[in-house]
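Here is a protein to explore from the inside out. Look at the model first, then follow the empty spaces and the parts around them.

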Amino acid sequence: MTAEIFAVKRFAVHDGDGIRTTVFFKGCPLRCVWCHNPEGLAPGPQLAFYAEKCTNCGLCAEVCPRGAHRIIDGQHRFERSLCTACGACADLCPARVLTLYGETVTVDSLLPRLLEDRAYYEKSGGGVTLSGGECLCQADFCAELLARLHQHGIHTAVDTCGAVPRAALEKVIPFTDLFLYDLKAHTESVHQRCTGRPNGLILDNLRWLDEVGAVTEVRIPFVPGFNTDEVPALAALLAELRHLRRVHILPYHNFAGAKYAALDYPNTMPATLPERAELDRAISILRAAGLRAD
Ligand code: SF4
Ligand code: SF4
């Protein structure tokens, strides 16, 4: 069995307890306007072209078997429709202008990389987190990987948007110590506007996880002009859960703009950043509902 991933991040400290290694899987069912990992949206490999750094040396044009790169009058033209994401040009580019987002892995090829930092996990109470994209779009692989990590005594976390079939959660739940559950909005129309999808399945899956005793931490991206008014309704919903151990408000940032351009995606990222006072108000609302929040 194989999976498509786009990054393995070591020494992650915001993806669950302690020091962790986070695996980012390709493919996501949502299209959040503020997404800061646009390279995780599509399921397959993609070439990113960071045009502003290109020196027009022409090496990529020489190596590309599809003729997707051309240097014309000193200008680099990249024709994405010709690209098969083979990665040959990215391996060669001396200016690191080209990045292939996508790597096919097996459990056996990935596991040794994840066990490398085992000493740090043990010392810090950390472990391995599966994220994305939406890792549970590749649930069979995740279940096998998580089971193998458990055999090695590694703490496991799954970061999910919840917009997945119940069967995907059922596959991973026996091998998952913690679910990091991302919630964007309680009101369906707001969720639809923010993510392109309704939220009924997401809310149902969260309640089901709680019913079966799964430990969760909920993360709420806080995006002015989109979902900041949703916090009171989300607080009321979360206050009913018995196995929720914490809620994080994630301040929106717009660092990912360059990736949208490099992937030829329209940049949908909102311009307005949250202010500290707004974030503190949101945290106060959650705490007033009896939740452990930060
Ligand atoms: S990834 Fe392969 S097909 Fe795509 S532009 Fe580079 S060399 Fe050509
Ligand atoms: S190899 Fe890199 S620096 Fe050279 S033309 Fe291609 S993208 Fe630009």
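How much space lies in the largest cavity? About 100 Å³. Keep in mind that this is a predicted model. The largest cavity has 14 lining residues. Nearest its centre lie Cys64, Cys83, Ala85, Cys86 and Cys89. By class, the lining has 10 nonpolar residues, 3 polar and 1 charged.

The structure holds 2 cavities of 30 Å³ or more. The second largest has about 90 Å³ of space. Its lining also counts 14 residues. Here Cys54, Cys57, Cys60, His76 and Cys93 lie nearest the centre. This lining has 10 nonpolar and 4 polar residues, but no charged ones.

Now step back to the domains. The protein is divided into two parts: domain 1 covers 2–43 + 102–288, and domain 2 covers 46–100. Domain 1 is therefore written as two stretches of sequence, given the bounds of the assignment. The centres of the domains, taken over C-alpha atoms, are 32 Å apart. Where the domains touch, 10 residues of domain 1 meet 7 residues of domain 2.

How much area do the two domains bury between them? The figure is about 700 Å², with 44% of it on carbon and sulfur atoms. On the side of domain 1, three residues stand out: Gly102, Ala262 and Leu263 supply 58% of the area that this domain buries against domain 2. No other three residues supply more. The rule also finds 1 salt bridge across the interface. Look, too, at Arg80 and Asp264. Their side chains meet in a salt bridge, at 2.8 Å from N to O.

Next come the pockets. The largest pocket contains about 1100 Å³ of space. It is lined by 41 residues, and the closest to its centre are Asp15, His36, Asp159, Arg219 and Leu250. Several strands contribute to the lining. Among those that each supply at least two residues are β1 (2–12), β2 (20–25) and β8 (127–132). Others are β9 (155–160), β10 (178–182) and β11 (216–222). Which element gives the largest share of this lining? That is β12, with 5 residues. By class, the lining has 17 nonpolar, 12 polar and 12 charged residues.

The second largest pocket has about 170 Å³ of space. Its lining includes Arg31, Cys32, Val33 and Cys35. Tyr260, Tyr265 and Pro266 are also among the lining residues. The classes divide into 8 nonpolar, 1 polar and 1 charged.

Definitions and conventions:
Residues numbered from 1 in each chain as written. Chains lettered and ligands numbered in written order. Predicted model: local features only at pLDDT ≥ 70, side-chain atom pairs only at ≥ 80, totals over all residues. Heavy atoms only, no water. 1 Å grid on protein atoms, 1.4 Å probe; cavity = no way out; pocket = protein on both sides within 12 Å on 5 of 7 lines; lining within 4 Å. Points joined across faces, edges and corners; volume = space filled by probe spheres on them. Helix = DSSP H or I, 4+ residues; strand = E, 2+ residues; numbered from the N terminus. Nonpolar A, V, L, I, M, F, W, Y, C, P; charged D, E, K, R; others polar. Contact = heavy atoms within 4.5 Å. Buried area = accessible area lost by both parts, 1.4 Å probe. Salt bridge = Lys/Arg side-chain N within 4 Å of Asp/Glu carboxyl O.
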